[in-house]
Amino acid sequence: MQVVDALDRPIAFHRCFVTITGSVNAALMLSQALYWSKRSKDPEGWFYKTTEDWTEETGMTRAEQEDSRRRLIAYGFISEVRKGMPARLHYKINSEAINLALTENTTKPLVVDDVLEIFAGPLKTLSRTGWMRAKKLGAEGAYVDYSVVLKSHGMTCSICRQPITKGPGKTEDALCFDHIIPLNCGGSHTVENLAPAHFKCDGQKSDGDGSPGCSEPDKQVRLPQGNKSVYHRETSLPMVRKHYRLPQTNMFPYQRRTLMEQRLQQRLQQRLRQKKKPPPPPPSTTSPTPPPACRSRSRP
């Protein structure tokens with residue numbers, strides 16, 4: 001039996017949907033929804049899928065499906081409604097929104113409620129990471145929930161004053177949080193000193209003259225580590241802090257050789273101690289005095 005015979009029916013996956021949705025699961029769900037919308041008998045393109053159907057086709061769990069649905073609805077890529085008897089969840093693809101996102105890189109701007117609902121998990125992770133970094137830098141403050149900062153400031157960048165249209169991420173227009181007074185310049189990790197910003201704006205933050213200074217973005221301070229893969233030119237042994245590092249695979253012969261050297265050194269030290277001992281006194285040339293002769297008693 002070959003491997004090809006044991007495989008299931010393949011499904012379509014469009015890689016470009018990952019860029020516009022920011023999630024592999026959401027891109028997978030959108031690809032499968034696009035496949036079924038073309039085969040729907042409804043004139044408007046509605047089709048229904050149960051949770052078990054999505055799991056069987058894509059392998060996503062219930063939690064992953066709900067997160068993907070919230071993300072796709074927030075961006076306006078799909079619409080859902082319950083209808084029929086019994087009521088079933090029907091989906092519909094918004095082709096215009098998908099075309100705009102793919103061609104012009106423009107998506108529906110997210111509001112605060114959408115971000116708090118869709119990105120609840122990433123916001124908690126960012127909150128913990130920010131607090132841990134503040135403690136490492138020795139900054140004053142306490143744990144701050146970034147959702148509170150987002151509610152107070154809204155989806156507006158505190159640097160360029162332009163709206164933020166995407167959630168947390170590493171793209172240029174993604175949401176991130178900036179310390180108004182950087183931590184490395186005495187700023188505190190408090191709600192008053194935090195504000196939302198674009199990821200690109202936070203990275204380009206600098207002084208008025210363009211030179212980096214105390215207003216540059218907060219970055220984790222990392223001490224330089226030695227390059228353990230640098231080998232010495234003469235001995236071809238790796239150098240770690242100016243010391244030779246023996247390969248771990250050949251440690252036993254070196255340890256055995258070291259023990260033998262220690263034993264030889266101990267024997268040499270014992271011989272040296274024996275040589276340093278004072279020599280025994282030389283034998284005397286004078287003959288020893290004989291013992292006194294015994295007088296014999298005469299018998300009466």
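Q: What share of the 300 residues of the protein chain counts as buried?
A: In this predicted model, 29% of them do; buried here means under 20% relative accessible area, with a 1.4 Å probe and protein chains only. Local features need pLDDT of at least 70 and side-chain atom pairs 80 or more, while totals for chains, interfaces and linings use all residues. Numbering runs from 1 along each chain as its sequence is written, and side-chain values use heavy atoms, leaving out hydrogens and water.

Q: What makes the largest nonpolar core a core?
A: A nonpolar core is a set of buried Ala, Val, Leu, Ile, Met, Phe, Trp, Tyr and Cys residues joined through side-chain atoms within 4.5 Å. The largest such set has 42 residues, and F17, L30 and F177 are among those with the most contacts inside it. Helix 3 (residues 24-37) gives the largest share, seven residues; helices are DSSP runs of H or I, at least four residues, numbered from the N terminus.

Q: Which residues does F17 touch, leaving aside those up to four places away in sequence?
A: F17 touches G22, A27, L30, S31, L34, I98 and L102, where contact means heavy atoms within 4.5 Å.

Q: Why are helix 3 and helix 4 called roughly perpendicular?
A: Their axes, lines fitted to C-alpha atoms over the stretch in contact, cross at roughly 105° and come within 11 Å. Angles of 65 to 115 degrees count as roughly perpendicular, so helix 3 and helix 4 earn the label. The contact is made by L28, M29, Q32, A33 and W36 of helix 3 with W54, E57 and T58 of helix 4.

Key
Buried means under 20% relative accessible area, exposed over 50%, partly exposed in between (1.4 Å probe, protein chains only). Helices (H or I, at least four residues) and strands (E, at least two) are DSSP runs, numbered from the N terminus. Axes are lines fitted to C-alpha atoms, for helices over the stretch in contact, and angles run from 0 to 180 degrees between N-to-C directions. Angles under 35 degrees count as roughly parallel, over 145 as roughly antiparallel, 65 to 115 as roughly perpendicular and the rest as oblique.
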